[in-house]
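Let's take a walk through the inside of this protein, starting with its enclosed spaces and ending at one of its strands.

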Amino acid sequence: MAPAFLPLFYFLLFFFFAFHLPLCFSGESSAMESVPDLQNTMYKVIDGDPCVRLLNLSGPIGCANPGRDKVLAPIIGFENVDGMSESSAILVSFEDFPSLFNRISDDLSFASKVAGVLVKSRTDVQNNLKGFSPDQKFPQAQFAPYHNFSYEWNPIGSGIMWKYYNFPVFLLTESATATIEEFVIRNENKKRAYTSNVAEFDLVMQTTKSGTHDSKSCLKEATCLPLGGYSVWSSLPPINVSSSKQSKPIILAVASMDSASFFRDKSLGADSPISGLIALLAAVDALSHVHGLGDLSKQLVFAVFTGEAWGYLGSRRFLVELEINSDAVHGLNHSSIETVVELGSVGKGYNEGVKNFFAHKEGGSAATDMTMTALKRAQESLLSANIKVASASASNPGIPPSSLMTFSKENSAISGVVLEDFDSVFVNKFYHSHLDDLSNVNSSAVVAAASLVARTLYILASDSKDVEDSVLASINVNVSLVKQLMGCLLACDPGLSCELVNKYISPTSTCPSHYVGVIVDEPSSTPYPGYINDVPRFVWNFLADITSIPREYINSSGCQQGCSRDEVCIKAETDGKGVCILSTTRYVPAYSTRLKYESGVWNVLPSNSSDIMEIVDPVWTESNWNSIGMRVYTVQNAAYDRIVLFGGIALTILSYLGVAFSRALITKAMKRD
């Protein structure tokens with residue numbers, strides 16, 4: 001009996017290992033020489049940009065893992081969601097992304113089965129879409145200086161970025177898209193039912209772990225930080241802050257440098273608002289080459305705000321700093337601001353060779369009329385450039401979403417004009433979307449806007465209706481600079497590694513992102529550079545340089561010996577020494593006016609009942625997290641695990657019986673001998 005059993009035992013042993021081992025090593029056949037090699041074979045790390053969790057005084061928005069642990073789920077394609085029987089991660093094209101999220105919002109039963117969403121990337125996706133804007137139809141309507149909140153400036157807006165999703169969402173890179181698509185195909189074609197390809201999401205927010213679900217509670221528990229950063233202002237020529245002379249009336253030109261998106265780090269905002277920022281920088285550069293600006297009747301001041309996409313943090317804080325006359329705005333006088341000229345979205349103001357812009361005015365003062373007259377005069381001087389400026393439709397409820405709203409709401413006596421590439425509705429079909437990229441703007445339109453504004457500002461500052469044509473003709477925008485700025489600020493190649501940016505700063509990343517970020521330390525007019533994002537640092541250095549007064553000598557020791565009171569130090573990041581220049585360029589903190597930093601902690605202040613903007617201030621914060629990531633791999637299902645378990649037990653028993661029989665046979669044979 002025993003001799004007959006042994007062949008059976010060895011056959012079962014061979015069968016088990018022949019069946020099991022190929023499953024364990026059925027992946028890549030390359031040699032594995034270390035634990036990292038094994039991990040790289042088993043797990044594939046996926047690159048992507050996440051939607052993260054933000055909070056305000058009312059609650060959270062955005063995306064996060066539902067609990068304190070990583071999420072593990074099989075991956076299925078969007079076309080198969082109707083047959084989804086278990087909680088799954090859905091791979092979806094961007095064309096189907098809006099319909100998926102509409103279904104998630106409308107069908108709670110379906111939403112409960114969504115463990116995560118992976119969004120495909122493709123370079124030509126804009127061509128297949130009529131438009132996509134995750135923002136509201138009237139962005140930040142509560143800050144408007146009028147009451148028609150139902151007006152639709154952004155008719156294509158879906159509002160999905162203002163909702164909360166209890167699952168992770170990632171926008172994949174193109175290479176990651178190909179990897180996940182291959183995983184999904186293998187999942188659908190797999191013959192063996194005992195394995196599946198899964199995604200593991202690590203998007204655990206500290207606000208979820210601690211149970212803090214609004215800005216007030218998470219700031220108290222230190223599980224979040226306020227949205228914010230640093231705005232920049234500069235003057236041309238520099239202001240003599242030590243002079244006792246009465247300050248000149250101020251012509252304030254403004255633009256925004258932050259945008260928003262459903263995906264945190266994909267906030268390029270090419271048309272809205274970065275085209276306006278680039279146009280303003282180019283206009284300042286053009287004016288810096290004009291002689292005799294100090295002899296003009298009025299002072300030119302330029303402000304670039306951040307945090308405007310999240311409650312107009314920059315412009316509102318700027319007005320507060322002016323009111324309290326802080327060091328950040330030393331040299332400026334709130335009452336001296338005569339008019340505001342804002343550059344909004346100007347990158348799409350191009351149609352069949354004609355550059356069309358619309359002037360949206362706020363207030364019916366003489367200063368507003370002067371600005372409109374100056375725009376017309378500037379347009380006439382640019383006839384050969386085919387630039388047209390028209391007044392916005394009188395049927396509009398007022399000015400569109402812009403920083404000028406906060407100036408008007410804070411002080412109705414301040415009037416101004418916003419230059420845009422649209423009249424009654426946004427022409428940007430990708431407003432506050434990651435698709436608002438370099439391909440969505442036209443450099444000729446940006447050059448035209450910069451030329452128009454540069455000459456308009458000169459006319460306003462000269463306070464004369466009879467500015468000579470020859471003077472205006474000498475104010476010319478550097479087309480190469482505009483194209484260079486677009487490549488630096490709106491693309492990854494060259495991105496922030498471009499020569500212009502590297503002339504002033506050492507950027508922390510190559511791909512630009514215009515998300516406002518968070519303010520991590522006590523606000524200051526002289527902040528530590530490491531706490532300031534790349535783009536504001538570049539804008540500060542660039543404006544300081546081009547608005548400076550040339551010096552007769554340059555200190556070879558750079559800034560190491562310190563600069564004088566009216567000087568600032570630029571280029572310190574690039575050569576370690578920097579250069580002291582005479583320029584009035586300052587950082588201004590940008591954060592909610594309802595926040596105060598005390599003893600290392602952010603506190604939410606009670607709203608001032610007399611300040612309408614404080615009453616509606618959401619007080620935005622961003623949840624902290626330990627890590628964010630995603631990977632995919634193959635797992636065995638529970639049924640197969642049980643087969644392996646019971647097979648192992650059976651093998652153990654058979655091995656024991658085999659050994660017992662063998663010992664018995666050997667003992668019996670030895671006795672015979």
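The second largest cavity in this predicted model has a volume of about 110 Å³. Its lining brings two domains together: domain 1 (36-130 + 169-213 + 628-638) and domain 2 (228-548 + 583-591) each supply at least three residues. Among the lining residues are Cys 51, Val 52, Ile 61, Met 161, Phe 262, Phe 263, Arg 264, Trp 310 and Tyr 515.

A search of the whole structure turns up 5 cavities of 30 Å³ or more. The largest cavity holds about 280 Å³ of space. It has 21 lining residues, and those closest to its centre are Ser 256, Pro 273, Pro 401, Ser 402 and Tyr 431. Two elements, α8 (270-288) and β15 (337-343), give two or more residues to that lining.

Here's how the two linings break down by class:

| Cavity | Nonpolar | Polar | Charged |
|---|---|---|---|
| Largest cavity | 9 residues | 8 residues | 4 residues |
| Second largest cavity | 9 residues | 2 residues | 1 residue |

Now follow β15 to its neighbour. β15 and β18 run parallel, joined by 5 bridges, and Thr 339 sits opposite Ser 415 in β18. Strand β16 (residues 355-362) pairs with β18 too, in the antiparallel sense and over 5 bridges; there, Glu 362 stands opposite Gly 416.

So is β18 buried or exposed? Strand β18 (residues 415-420) is mostly covered, with 6 of its 6 residues buried. In a regular strand, side chains alternate between the two faces of the sheet. In β18, Ser 415, Val 417 and Leu 419 point one way, while Gly 416, Val 418 and Glu 420 point the other way, and all are buried.

Terms used:
Residues are numbered from 1 along each chain as its sequence is written. This is a predicted model: local features need pLDDT of at least 70, side-chain atom pairs count only at pLDDT 80 or more; totals for chains, interfaces and linings use all residues. Side-chain values use heavy atoms; hydrogens and water are left out. On a 1 Å grid over the protein atoms alone, a cavity is a set of points where a 1.4 Å probe fits but cannot get out, and a pocket is an open set with protein on both sides within 12 Å along at least five of seven lines; lining residues have an atom within 4 Å of a point. Grid points are joined across faces, edges and corners, and a volume is the space filled by probe spheres set on the points. Helices (H or I, at least four residues) and strands (E, at least two) are DSSP runs, numbered from the N terminus. Ala, Val, Leu, Ile, Met, Phe, Trp, Tyr, Cys and Pro count as nonpolar, Asp, Glu, Lys and Arg as charged, and the others, Gly among them, as polar. Domain bounds come from an automatic or database domain assignment. Buried means under 20% relative accessible area, exposed over 50%, partly exposed in between (1.4 Å probe, protein chains only). Two strands pair if DSSP finds at least two bridges between them.
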